[in-house]
Amino acid sequence: MLEDLSHHILDIAENGVNAGADEIAIELEDCEFIRLTVKDNGRGMDEATALSVVDPFYTTRTERRVGLGLPFLKQLAELCDGEFRLSSTPGKGTLVHATFSKKSVDIPPLGDIPSSLLTLLIGHGEIHWRYVHRTGSREFVLDWDELKEALGGGDLLSDPALAMGVREYITTNIEELYT
Amino acid sequence: MTEEKKKIRSLDDLRKIKEKTGDLTSARSEEDKTKVIIGMGTCGIAAGAREIMNAVLKELEVRNLHNVAVETTGCIGMCQNEPLLDVIRPGEPRITYITVTPPDVARIISEHVVNGRIVQDKLYGRAD
């Protein structure tokens with residue numbers, strides 16, 4: 001359904017947006033295991049709700065807090081000899097953590113992470129986004145507030161050339177972690 | 001010596017792009033802008049909404065359009081019709097396009113966003 005990790009990242013981060021978060025941090029470590037963490041400071045969930053959102057037949061019809069994305073991510077992590085953890089505190093936020101063994105034959109590709117990030121930045125530029133991509137000892141950090149400040153603020157991404165430039169900036173910096 | 005296209009790597013590279021277009025974007029108020037809204041719920045993402053976003057940006061860049069605000073929205077319960085793309089021209093009703101593909105995006109931008117002609121074959125309905 002969601003064909004690679006970059007689509008999952010977009011989906012899980014959108015959950016955070018829908019939970020009213022104004023800070024969302026995404027971390028991806030690409031070593032022996034892929035470890036994905038998405039942390040938001042949205043309204044969070046109580047224990048019963050947190051347990052039920054990983055059930056594909058659960059839905060909060062009224063506000064659609066979570067779709068089918070979380071159960072699929074959980075299933076994918078478990079299929080890839082990894083683990084899935086969701087912890088949430090009402091009023092504080094939610095943390096989604098999923099790991100995948102790179103030895104697993106079912107490991108999904110990372111996919112187009114820069115396009116997912118750009119989609120989030122364009123859709124929700126008011127949120128304090130942070131993305132960290134780690135490979136062993138090297139890392140790339142995208143701090144949306146710092147980037148906005150460095151470029152003089154304003155509605156930067158309403159210029160399509162600059163929006164695509166930001167995507168290329170992310171692409172280049174992630175690629176360089178692997179060279 | 002061939003000059004390779006330099007990759008955008010640093011914040012300085014981004015600043016240079018910004019300097020090229022200058023402040024022409026901030027000169028327009030939000031009401032004068034055409035809105036393009038893409039459904040980005042789980043259903044939209046699974047159906048290819050992110051690729052629609054990419055196609056929209058590419059088309060706006062190619063046509064050098066700066067008076068378009070691109071937004072995203074969550075699931076609106078028409079999952080079977082995703083990807084959904086809405087266009088709102090200033091002072092005009094909201095128009096919803098369904099099962100949009102990247103080639104449709106080029107048509108919707110040139111026909112509707114630029115010239116104000118609704119692309120009938122991808123139309124869902126008017127929400128006015």
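This section describes the confidence of a predicted model, the strand pairing within chain B and the contact between chains A and B.

The complex is a predicted model, for which the predictor reports an ipTM of 0.92 and a pTM of 0.93. For chain B, the pLDDT averages 89, and 88% of the residues score at least 70. Where pLDDT is low, the predicted coordinates should not be read in detail.

Within chain B, strand E1, spanning residues 34-39, pairs with two strands, E2(B) and E3(B). The pairing of E1(B) with E2(B) is parallel and comprises 6 bridges. In this pairing, Thr34(B) has Val68(B) of E2(B) as its bridge partner. Strand E3(B), residues 85-88, runs antiparallel to E1(B), and 4 bridges join the two. Here Val36(B) of chain B stands opposite Val87(B) in E3(B).

The contact between the chains involves 34 residues from chain A and 31 residues from chain B. On the side of chain B that touches chain A, the elements giving two or more residues are helices H1 (11-21), H2 (42-47) and H3 (49-62), together with strand E2 (68-73). Of these, H1(B) gives the most, with 7 residues. By residue class, this side of chain B divides into 14 nonpolar, 9 polar and 8 charged residues. Strand E2(B) thus appears both among the elements that touch chain A and as the parallel partner of E1(B).

Technical notes
Residues numbered from 1 in each chain as written. Chains lettered and ligands numbered in written order. Predicted model: local features only at pLDDT ≥ 70, side-chain atom pairs only at ≥ 80, totals over all residues. Contact = placed C-beta atoms within 7 Å. Nonpolar A, V, L, I, M, F, W, Y, C, P; charged D, E, K, R; others polar. pLDDT = per-residue confidence, 0-100. Pairing = 2+ DSSP bridges.
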